[in-house]
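User: Please walk me through the aromatic contacts in this model. Short answers are fine.

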Amino acid sequence: MIKNIVNTACLLFLLAGSFACASELDPYRLNPAVQPLKQQLEMTIDPNRPDYVGSTHIILEVREAVESVVLHAQDITILGATFGPKGAPKTATFEQFEQSLLHISTGSTIEPGEYELHIDFEDNFNTDSVSMYRVEENDLYHVITQMEASEAREAFPCFDEPAYKFPWQVTLTVPTDMMAISNTPIESSIEQGSMKTVVFSETAPIPSYLIAIAVGEFEAVDIPGMSIPGRVVATPGKMNLTKLAVESTPRLVAGLEKYFDSTYPYQKLDLIATPEFWYGAMENPGAIVYIDRALLIDMENADPTRYRSIVGTNSHELAHQWFGDVVTMEWWVDLWLNESFASWMGDKIVAETYPELDIEKARMSTMFKTMNEDAGPSARPIRAPRKSTDNFLNDIGPAYSKGRVVINMFEKAIGEESFRAGILEYMRRHQWGNASAIDFADAIGTHADWDVAKAFASFMQQPGVPLINVEVLDDNRLSVSQQRFSNAGIELPELQWTIPVVFKYSVNGKVHEQTLILDSPSATVELEHRGDIDWLYPNAQQGGYYRWKLPAKSLQPLVDDAQQLLTPMERMGLVSNLTATLYAGELPANEYLAALASFSKERDPYVLNILVDQLSIIKNALVSDSHKSGFARFIGDLLGPAAESLGLDPADGEANAVTTIRPYLLGQLIRYARDEAITQEFASRGAAYLDGDLGLHASLIPTALLAAAIDGDLDTYATFKNRFESAKEPNERSRFLAALTYFDMPEVLVDLQAYSLSNAVRPSEMLSVRTLLLRQPENRDAVLDYALANYETFKTRLPGNGLAGLPSVARSCSLKSINRAREFFSNPDHQVSGTLRVLDKVVTSAQTCVTLRARELQNADKYFESLGN
């Protein structure tokens, strides 16, 4: 009984961000009785070799008597170790245990005091694009690092947990003709024959996962106009692609410095682009690493989508330099807050410095998809206990989006200046240290007049999406209640949230807003403005993370007059909420499709984008083979007027959003509406582009390649492969990778799947091919078959986090496919940490689709039949 009480207390401590008893629940956590104070790291790195050697010297404090010092070292050959009081180390015994634990002992109890530990080691470079690994491009090798979440231990011995945060000093011996980069400026560089030894200045306190190392024949260009020195660094021949990074970074840094009321916190800032990086970017202080397509772009041929993506990614990583780097999560339970805040903060700065990019509107699509996922039984809290054996980065994507929206919701409810004051308080309290989400909510709450901590916890420590039920009563009152939203046929445990609900309503022709902090199952609200209520929208400016429900008589005016009554953000929310109502079984498919059809006069690019998003749901679940022509007519009627209004080509001075949405509309009309005139026009343009005609606007290149593929043959496919392999610009390579999946020929599908496992396709691109192929339902069985048959090949080329995502190839609207995937991935030989989590989400998605199809296909058939061919 006492044991159970202790475990419960420990669980509460873990959730609160305290790790004093973490080892009781997690035997592979390091012992906090041993605290590293400083680490020196020396390595000899030649990218032309597959291996390297190194040594590390660690000053540490033992606070309680221990039998051994335990740290991390994974698949590293330890050559020797010494340990002892400062100035008197002796040869030590070392032993490597499971879960990467390295025990250093002396044969007797190690009493409290200050000690020094020295370890010599050697290792091979990683081959899975994580830890410290080699990249080959144009017959040149370079070395780059990606240490998050627990990959530093594979590169060198270290205390590889985020709470161990202290100064480091890195020294690298590298070939004289190569550039060496780490988190800090170079302190000295001495040449010795064909090698040089580069000593970097000591870092501020940082954890092991933020150590950055890059060695290679790089080129660099300075970033002027910042409070610290800065550069963009890339492989040879790409300096012409750095203009956007050079121009945008000073503006973004200045915006962040103003918000945080402090200068950039590190000694320098390098932005390093590499062609092979498993994630989009990594926020290493002073040395941020990006996959090249996330940083480099040809500004002469840049489409607005890529432009916005690069600025947004850069702002996200720069925001991390304060939130995540200066103040770091204590344990991976709060990785969601690290990423959510950087997403929110990065977008906030982009909105201020680049308002023309409409960053908040552009993010809505991702948020709605996250809400759809969060409605099922596989949903989990964005903040939940994590053990050291977990795959911390697996399935982190939804947390980025949900957390960002929740933070944004609370900022609006508390007030922008009060919320900022709370953030500055949080940064002041925990500067150069560690903190938890509990600490964050506590700091914010000191600047609010309501229980922010309780409200914040209700969204971060329980899964799901709230559903706000609203009914208009007499005397200008509203009946408001909350419950957990769920799709039809699914019973989920009931939950309660504290929700800032913002109503937008019209009384006698005048529009007002009113906020309710709903902290109980139900409430009656008296509206502040008296008179006849013309209409009501329950999520003003789409600022809240919740679904809503209105009686039919209150909903219909919103659908009928959405363009007159609601802002674009609210119209996006209305469309997404209609889809949720369909999933919930409260709106028949024929009425749902008719409601979407009423948006045929919509011209706002972002609302049109949300409409396009819904088409994939309709295509997967509600279109039978016998009614594809009716679906084509539906798409043509819904999107054709907007495409005609926008025209086939960008006009001088048009908004970026218009330029961005045009190819999406045209793509739908080509692929699914089978518009012959548009297809022929863009097939012709695609052929001209392949022949060297560079007059095509960058935003329309994917559209032209789509039409060329649909109209193409095996020779066209071969040309696409050649253009993919020979692309000099990262964006061009991405375009042709996507274009390879556009062909409808069975022989292309067979060849492309094999090709995607060849060395021509980088590991970070392998799953992208499958994701793109899965957009076509007819490809899904073949994609699943190939992935399962070639699991061992995927296993050799993908890092653990990538391999954990492989069950996503079973995405479908078929129980047969799901059952095959379940059978295959239930075998422990076909699992890594995170595999079953991804499988669970895929199964939930498929079951939702199957249920919707069984319930609503007949209603959809009737609607499509009524449209004719």
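User: How many aromatic pairs does a search of the whole structure find?
Analyst: This is a predicted model. The search covers the whole structure. The number of aromatic pairs is 41.

User: Is the pair of Tyr 259 and Trp 344 stacked or edge-to-face?
Analyst: The ring centres of Tyr 259 and Trp 344 are 6.4 Å apart, with 80° between the planes. Planes over 60 degrees apart count as edge-to-face, so the pair is edge-to-face.

User: Which helices hold Tyr 259 and Trp 344?
Analyst: The two residues are 85 residues apart in sequence, so their pair ties together separate parts. Trp 344 is in residues 335–353, helix α5. Tyr 259 is in residues 243–260, helix α3.

User: Is Trp 344 buried or exposed?
Analyst: Buried means under 20% relative accessible area. Trp 344 has 4%, so Trp 344 is buried. Its partner Tyr 259, at 7%, also counts as buried.

User: Is the pair of Phe 323 and Phe 341 stacked or edge-to-face?
Analyst: The centres of Phe 323 and Phe 341 lie 3.8 Å apart, and the planes differ by 15°. Planes under 30 degrees apart count as stacked, so this pair is stacked.

User: Where does Phe 323 lie?
Analyst: Phe 323 is buried, at 1% relative accessible area. Its partner Phe 341, in helix α5, is buried at 0%. Phe 323 itself lies in the loop between α4 (304–320) and β21 (328–329).

User: Which ring does Arg 251 lie over?
Analyst: Arg 251 is 4.0 Å from the ring centre. The face beneath belongs to Tyr 354.

Methods: Residues are numbered from 1 along each chain as its sequence is written. This is a predicted model: local features need pLDDT of at least 70, side-chain atom pairs count only at pLDDT 80 or more; totals for chains, interfaces and linings use all residues. Side-chain values use heavy atoms; hydrogens and water are left out. Rings of Phe, Tyr and Trp (its six-membered ring) pair if their centres lie within 6.5 Å; planes under 30 degrees apart count as stacked, over 60 as edge-to-face and the rest as tilted. Helices (H or I, at least four residues) and strands (E, at least two) are DSSP runs, numbered from the N terminus. Buried means under 20% relative accessible area, exposed over 50%, partly exposed in between (1.4 Å probe, protein chains only). A charge sits over a ring if NZ of Lys or CZ of Arg is within 6 Å of the ring centre and within 35 degrees of the ring normal.
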